[in-house]
Amino acid sequence: MSRNRPLTLVDLDDTLFQTARKMPEGVSRHVATLDVKGQPNGYMSDVQKAFVEWLLKTTDVVPVTARSIEAFSRVRLSFACGAVCSQGGVILGSDGQQDQDWHELMSETLAEFQNRLPELIATTLAIGEEMGFSLRGWLVEEAGLLHYLVVKHNDSDDAVLLRTLTEVRARGLLKGMYIHRNGNNLAFLPNGLAKRLAVQEFLRRDRVVHGERPVLGFGDSITDLGFMDLCHMWSTPARGQLARWVKAAADA
């Protein structure tokens, strides 16, 4: 890292790369991520690859991602300045090690959700089954601490997740929590767990070492605005959720 280089805070999935099904036919695909079996499952276009190479060459790049530490380790890009993982539940140092001070703070913040999250994912999947939907889901856990849960539809039907969310809300199951929904991805997160909060702490520490320097933010989701708003300038992919939301607001 250097005080003479801008700092880039960047979301990963659907910003720097995406799954094959989200890419147009005939577009070149460069492997960006692997699945748990070591097979490619995330790809960059030529433009995304050039963009990533430019960012890494000219700025200090810090991923800000919903990915767990394990899922982040399967990203095949050369990040070397630390990262924010697990929707803000984890701060990694430039050595790739989990920051223990932040982990202890998150342990206090998330204590009341350690029993609620397993119950909530079981109930959510049961609701889906009652409604005739084929859902899958999992809990994101780091160092023995549960952070949040994710639910997806097995046939990638985004409308199904919206109907499921409506029923979960109707049963009053989300007190003290907020949701993130983007495509075939529905996450239930405790208040107090957020990319923005982790980025605030990351920036505080960065200023101590490097002073004030330009901070750039990139993300595709509306919820990414939480950390992008802390940057001096931000940008978003032209066809992502955030871009659609901005366009709809401008046309209203």
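**Two domains and one buried serine**

Me: How many salt bridges are there between domain 1 and domain 2?
Reply: A salt bridge here is a side-chain nitrogen of Lys or Arg within 4 Å of a carboxyl oxygen of Asp or Glu. Between domain 1 and domain 2 the count is zero.

Me: Where do those domains run?
Reply: This is a predicted model: local features need pLDDT of at least 70, side-chain atom pairs count only at pLDDT 80 or more, and totals for chains, interfaces and linings use all residues. Residues are numbered from 1 along each chain as its sequence is written, and side-chain values use heavy atoms, without hydrogens and water. The bounds come from an automatic or database domain assignment. Domain 2 is 109–190, and domain 1 is 7–89 + 194–251.

Me: How much area do domain 1 and domain 2 bury between them?
Reply: Think of the accessible area (1.4 Å probe) that two parts lose on being put together, summed over both. Carbon and sulfur atoms hold 42% of it here. The total for domain 1 and domain 2 is about 980 Å².

Me: Which three residues supply 40% of the area that domain 1 buries against domain 2?
Reply: No other three residues of domain 1 supply more of that area. They're Arg21, Ser86 and Gln87.

Me: Is Ser45 buried or exposed?
Reply: Ser45 sits in the loop between strand S3 (40–44) and helix H1 (46–58); strands (E, at least two residues) and helices (H or I, at least four) are DSSP runs, numbered from the N terminus. Buried means under 20% relative accessible area and exposed over 50%, with partly exposed in between (1.4 Å probe, protein chains only). Ser45 has 16%, so it's buried.
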